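Dear colleague,

Please find below the structure that I am handing over to you. My notes on what was found in it follow directly after.

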Amino acid sequence: MNESMSSPRCPICDRSLRGAGPADRPFAPFCSERCRRIDLGRWLGETYRIPEDDTSVTPDVGHDDDDEGLLPPTGPS
């Protein structure tokens, strides 16, 4: 069996988590309160982000309409 599969590791400091199960790991998936707080600080500081895909942004094609993006009226006139 691969050693990395035998025991879970802390995603912050990469230490091996001690204990036989969830009851023995009160800070899981972290090894300690310190690592748990570091992770929280990264979330609150917006360090973790999903990269923006440049192809998802459509460039402005040069429309001069003031109402660009508005739907035309529907229903009885």
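I begin with a pair of cysteines. Cys13 is partly exposed, as its relative accessible area is 28%. Cys31 likewise counts as partly exposed, at 24%. Please bear in mind throughout that this is a predicted model. The closest cysteine sulfur to that of Cys13 belongs to Cys31, and the 3.5 Å between them is too far for a bond. Cys31, for its part, is in no disulfide. A disulfide is counted here when two cysteine sulfur atoms lie within 2.5 Å, and by this rule the chain has 0 disulfides.

As to the overall architecture, the chain contains 2 helices and 0 strands. It has 77 residues, of which 10% count as buried. The accessible surface amounts to about 7200 Å², and carbon and sulfur atoms contribute 53% of that area. Among contacts with a separation of 6 or more, 12% are between residues 24 or more positions apart.

The loop between the helices deserves attention. Ser7 lies in this loop between α1 and α2. Is Ser7 buried or exposed? Ser7 is buried, because its relative accessible area is 18%, below the 20% limit for that class. The side chain of Ser7 is joined to that of Ser16 by a polar contact of 2.4 Å. Apart from its neighbours within four places in sequence, Ser7 is in contact with Ser16 and Leu17.

Two backbone features occur in the same loop between α1 and α2, at Asp14 and at Pro29. Asp14 has a positive phi, near 70 degrees, although this residue is not a glycine. With a relative accessibility of 46%, Asp14 counts as partly exposed. The peptide bond that leads from Ala28 to Pro29 is cis, and its omega is near 10 degrees. For context, most residues other than glycine have a negative phi, and most peptide bonds are trans. A further positive phi, of about 60 degrees, is found at Glu46, which lies in the segment after α2.

I turn next to the charged side chains. The count of salt bridges comes to 4. Within helix α2, which spans residues 33-44, Glu33 takes part in two of the pairings described here. The first partner to mention is Arg36, whose side chain meets that of Glu33 with an N to O distance of 2.7 Å. Arg36 and Glu33 are separated by about one helical turn, because they are 3 residues apart in helix α2. The other partner is Arg37, where the closest N and O atoms are 2.7 Å apart. Arg37 and Glu33 are 4 residues apart in α2, again about one turn of the helix. Glu33, Arg36 and Arg37 are thus linked in a network of salt bridges.

How exposed are the members of this network? Glu33 is partly exposed, with a relative accessible area of 24%. Arg36 is also partly exposed, at 38%, whereas Arg37 is exposed, at 58%.

Glu46, already mentioned for its positive phi, also forms a salt bridge, its side chain meeting that of Arg49 at 3.7 Å, N to O. Glu46 and Arg49 are both exposed.

Yours sincerely

Definitions and conventions
Residues numbered from 1 in each chain as written. Predicted model: local features only at pLDDT ≥ 70, side-chain atom pairs only at ≥ 80, totals over all residues. Heavy atoms only, no water. Buried < 20%, exposed > 50% of the residue type's maximum accessible area, 1.4 Å probe, protein only. Contact = heavy atoms within 4.5 Å. Areas by Shrake-Rupley, 256 points an atom, 1.4 Å probe, with all protein chains shown as cover. Polar contact = N/O pair within 3.5 Å; in protein donor to acceptor, adjacent residues only side chain to side chain.
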